[in-house]
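Thanks for coming. I have one structure to go through today, and I will take it piece by piece. Please have a look at it first.

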Amino acid sequence: MPTLILLRHGRSTANTSGVLAGWTPGVALDERGVSQAAALPGRLEGVPISEVVASPLQRCQETIRPLLDARPGLSVHTDERIGECHYGDWSGRKLAELKDEPLMEVVQAHPSAAAFPGGESMRAMQTRAAEAVREWNARVERDHGADAVYLMCSHGDIVKSLVADALGLHLDLFQRISVEPCSVTVIRYTRLRPFLVRLGDTGDFASLTPREEPPTGDATVGGGAGAP
């Protein structure tokens, strides 16, 4: 079965402003995100990508554009099933104010029981994304062979939930996984089990440098802004 490159979109204006974007329209890459996207063709040089699938949201479409420009033979297939979690009434709100919502504790510690008001549950998010991957695995293998490699550009919570699915981890453990903006995660699927080949690879270790404000220990809903 194929090998999947899961690409989180580059850093967005919502990431740097601390806003939970969700499906809010008009959320673009910020200056650093544009630079991250521009570096993708070089980072993936030599990798024989057979198909590109992306979330319909602007920040994902902008992230893959330099790669598509560098490889004229590739086009993008847009799939809503790998779009961001539908955060409902939480969309567009500051993460700093959401941290005091009672639901946030559930999102952090028991995400399989979390459903966003006016939105979807985290279980539903994982299910639709995993179903999309399985269908694309079959399509890519049919059209390009069992050794084919394809790329999906999606969002932090989607990528984390797919990693949990591949590793057989309960969704309640997925907040222990971290993927920075424009990071590459690779899963090789086989008939009996998937293998996690790369996780959150950016080639940049700046995020390991101690920060002035230590991390809280909670996962950032929707992802995070990555290294400063």
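I start with Asn15, which is buried, with a relative accessible area of 17%. The cut-off for buried is under 20%, so at 17% Asn15 falls in that class. Before I go on, note that this is a predicted model. Asn15 sits in helix H1, which covers residues 13-17. A polar atom of the Asn15 side chain lies 2.9 Å from the backbone nitrogen of Ser12.

After H1, on the way to helix H2 (31-43), there is a loop, and Asp30 is found in it. Is Asp30 buried or exposed? Asp30 is buried, and its relative accessible area is 11%. For a sense of distance, take Met104, which is 74 residues from Asp30 along the chain. The C-alpha atoms of those two residues are separated by 27 Å.

In H2 itself I picked out Ala39. Ala39 is partly exposed, with a relative accessible area of 36%. Between Ala39 and Ile82 there are 23 Å in space, C-alpha to C-alpha, and the two are 43 residues apart in sequence.

Now the strands, beginning with S1, residues 3-8. How many of the six residues of S1 are buried? The count is six of six, so the strand is mostly covered. Thr3, Ile5 and Leu7 point one way from S1, while Leu4, Leu6 and Arg8 point the other way. Both sets are buried, Arg8 included. That split follows the usual pattern: in a regular strand, side chains alternate between the two faces of the sheet.

What does S1 pair with? One partner is strand S4, residues 149-154, in the parallel sense and over six bridges. Within that pairing, Ile5 stands opposite Leu151. Another partner is strand S5, residues 184-189, which runs antiparallel to S1 and is joined to it by five bridges. Here Leu7 has Val184 as its bridge partner, and Ile5 stands opposite Val186. Ile5 therefore has a residue opposite it in S4, namely Leu151, and one in S5, namely Val186.

Strand S2, residues 49-54, is also mostly covered, with six of its six residues buried. S2 pairs with S4 in the parallel sense over five bridges. The S4 bridge partner of Val52 is Leu151, the residue that also stands opposite Ile5 of S1. S2 pairs with strand S3, residues 76-78, as well, again in the parallel sense, over three bridges. In S3, Val52 has Val76 as its bridge partner. Between these two strands comes helix H3, residues 58-70, and S2, H3 and S3 together make a right-handed β-α-β unit.

Next, the approach to S5. Cys182 is found in the loop between helix H7 (156-167) and S5. What is the phi of Cys182 near? The value is near 60°, which is positive, and this residue is not a glycine. As background, most residues other than glycine have a negative phi. Cys182 is buried, at a relative accessible area of 2%.

S5 is largely enclosed by the rest of the structure, because five of its six residues are buried. Besides S1, S5 is joined to strand S6 by five bridges, and S5 and S6 run antiparallel. Ile187 has Leu196 of S6 as its bridge partner. With four residues between them, S5 and S6 form a hairpin.

Last, a pocket. Which residues lie nearest the centre of the second largest pocket? They are Leu44, Val47, Val184, Val186 and Arg198, out of a lining of 14 residues. The elements giving two or more residues to that lining are S1, S5 and S6, the last being residues 194-201. The lining divides into seven nonpolar, three polar and four charged residues. The volume of this pocket is about 290 Å³. Two of the residues nearest the centre already came up in the pairing of S1 and S5: Val184 is the bridge partner of Leu7, and Val186 stands opposite Ile5.

That is what I have. I can go back to any of these parts on the screen.

Notes
Residues are numbered from 1 along each chain as its sequence is written. This is a predicted model: local features need pLDDT of at least 70, side-chain atom pairs count only at pLDDT 80 or more; totals for chains, interfaces and linings use all residues. Side-chain values use heavy atoms; hydrogens and water are left out. Buried means under 20% relative accessible area, exposed over 50%, partly exposed in between (1.4 Å probe, protein chains only). A polar contact is a pair of N or O atoms within 3.5 Å; within protein, one must be able to donate a hydrogen and the other to accept it, and residues adjacent in sequence count only if both atoms are side-chain atoms. A crossover is right-handed if, with the strands pointing away from the viewer, the path from the first strand over the helix to the second runs clockwise. On a 1 Å grid over the protein atoms alone, a cavity is a set of points where a 1.4 Å probe fits but cannot get out, and a pocket is an open set with protein on both sides within 12 Å along at least five of seven lines; lining residues have an atom within 4 Å of a point. Grid points are joined across faces, edges and corners, and a volume is the space filled by probe spheres set on the points. Ala, Val, Leu, Ile, Met, Phe, Trp, Tyr, Cys and Pro count as nonpolar, Asp, Glu, Lys and Arg as charged, and the others, Gly among them, as polar.
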